[in-house]
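I open a fresh page for this chain. I will go from the whole chain to single residues and note what I look up.

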Amino acid sequence: YNVENTSIPLIMKLLRKLHCNDEEDYTRLIRETVEEIRNPINDLSMNEKEQKEDEYTLQLKKLEKEKLELETLQKSCHLRHRFIDIEDDEDKINDDDEIKLKLQILNKQIIQLNEKLNEIDTSTELTWIRMLCIITDLIQFTNCHWEHDYIKPMFDDIIVPTVIEKRPLVRAQGLKAFALFLQMDKTNTQNNLILFLHILMGDGPASEYFALQALFDFLMIFDLFPPQNNKQEQDEDQDDDENEIEQELQVDNNGNLPIKPPKTDKQLIKILKDFLEHEDEELLVCAVEGFTKLLFMNRLKHFKLDVLTHLI
């Protein structure tokens, strides 16, 4: 693409001004544009690229298997010639040359396939990020409902698949779009809190940053949990202590503690509070900014003194 993704917000702003009196038509235009990027007329569609990628990957595995077999045969021949007296040196040379020639051909084919796979991978990544940048800007400024006929399909077909994408940059951008989409509805946000907590506990720096940022945004926008009286808070504190002891005894196969969905604001803030001491500078800055905004907007309901102490 000739237009950089950094120019997308400016282009979207211009389109919003042109369609300021007809948001429905603006949303339709964005939906059609995203579909054209996803399934271009003069290039492979996203599905076709995935099929090609699978096809090349299978071919690559087959060639690598053949290469391994030839290398094993080559080693066996060398050992045999070394320890067994072979009179016909010419046969030995011919065997070696034949194996070397086959290996050269295989290496060339493997390089070509890797180049094709890299080309598809780069193109696919750019396409995903381009679509997500456009959708993110649309969601950020739209007044439409999250179930709108043009918005919901983009969420289902583009945003959701990218949250579990193998490419880290695509996954991070998809997570950002996913978080913005959830901000359109409180129930959707409540249902997906656990996903962001799982990502926050170990999915790579980019995704963790967007997950942390999203959780602060959720706290800023919504009252995610029902209000509690003093007795309920005391019972919750007691349950928290018991859960911490219980979690010490529960370790999964990877040696990680299980993540349980928070039931109150206090439990969620307690998780986020730990990032005020995080070793990663970007996550630390994100936590500082998040808690500062919560304090300014009077949205921090628990651990105020503790948070202020860390901020100071």
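How much area does the protein chain expose, and what share of it do carbon and sulfur atoms supply? I find about 19400 Å² exposed, with 51% of it from carbon and sulfur. I keep in mind that this is a predicted model.

**Entry: overall make-up**

I checked the secondary structure next. The protein chain has 12 helices and 0 strands. Read from the N terminus, the elements run α-α-α-α-α-α-α-α-α-α-α-α. I then looked up burial. Of the 312 residues, 36% count as buried. For contacts between residues at least 6 apart in sequence, I noted that 70% join residues at least 24 apart.

**Entry: cores**

I asked which residues have the most contacts inside the largest nonpolar core. They are F196, L212, L215, F218, L272 and F291, in a core of 61 residues. Another core lies apart from it, with 12 residues. L60, I99, L117 and I120 are among them.

I went back to F218 and listed its contacts, leaving out residues up to four places away in sequence. F218 touches A179, L182, Q183, T189, L193, F196 and L224. F196 is thus on two of my lists: it is a contact of F218, and it is among the residues with the most contacts inside the largest core.

**Entry: second largest pocket**

I looked up the volume of the second largest pocket and got about 270 Å³. Its lining has 14 residues, and Q213, A214, F216, D217 and K293 are the closest to its centre. Which elements give two or more residues to this lining? They are α6 (168-182), α8 (205-221) and α11 (281-296). The largest share, 6 residues, comes from α8. I sorted the lining by class and found 7 nonpolar, 3 polar and 4 charged residues.

**Entry: cavity**

I searched the whole structure for cavities of 30 Å³ or more and found 1. The largest cavity has a volume of about 50 Å³. What lines it? I listed L219, F222, D223, D265, I269, R299 and K301. By class, this lining divides into 3 nonpolar, no polar and 4 charged residues.

**Entry: positive phi**

I turned to backbone angles. N298 is not a glycine, yet its phi is positive, about 55°. I placed N298 in the loop between α11 and α12 (304-311). Is N298 buried or exposed? Its relative accessibility is 59%, and the cut-off for exposed is over 50%, so N298 counts as exposed.

F303 also has a positive phi without being a glycine, at about 60°. F303 lies in the loop between α11 and α12. I looked up its accessibility as well. F303 has a relative accessible area of 24%, so it is partly exposed: that class runs between 20% and 50%.

**Entry: T27**

My last stop was T27, in helix α2 (residues 23-38). Why does T27 count as buried? Its relative accessible area is 0%, and buried means under 20%, so T27 falls in that class. I then asked what T27 is in contact with, leaving aside neighbours within four places in sequence. The list reads L138, C144, H148, Y150 and I151.

Methods
Residues are numbered from 1 along each chain as its sequence is written. This is a predicted model: local features need pLDDT of at least 70, side-chain atom pairs count only at pLDDT 80 or more; totals for chains, interfaces and linings use all residues. Side-chain values use heavy atoms; hydrogens and water are left out. A nonpolar core is a set of buried Ala, Val, Leu, Ile, Met, Phe, Trp, Tyr and Cys residues joined through side-chain atoms within 4.5 Å. Buried means under 20% relative accessible area, exposed over 50%, partly exposed in between (1.4 Å probe, protein chains only). Contact means heavy atoms within 4.5 Å. On a 1 Å grid over the protein atoms alone, a cavity is a set of points where a 1.4 Å probe fits but cannot get out, and a pocket is an open set with protein on both sides within 12 Å along at least five of seven lines; lining residues have an atom within 4 Å of a point. Grid points are joined across faces, edges and corners, and a volume is the space filled by probe spheres set on the points. Helices (H or I, at least four residues) and strands (E, at least two) are DSSP runs, numbered from the N terminus. Ala, Val, Leu, Ile, Met, Phe, Trp, Tyr, Cys and Pro count as nonpolar, Asp, Glu, Lys and Arg as charged, and the others, Gly among them, as polar. Accessible areas come from the Shrake-Rupley method with a 1.4 Å probe; for residues, only the protein chains shown count as cover.
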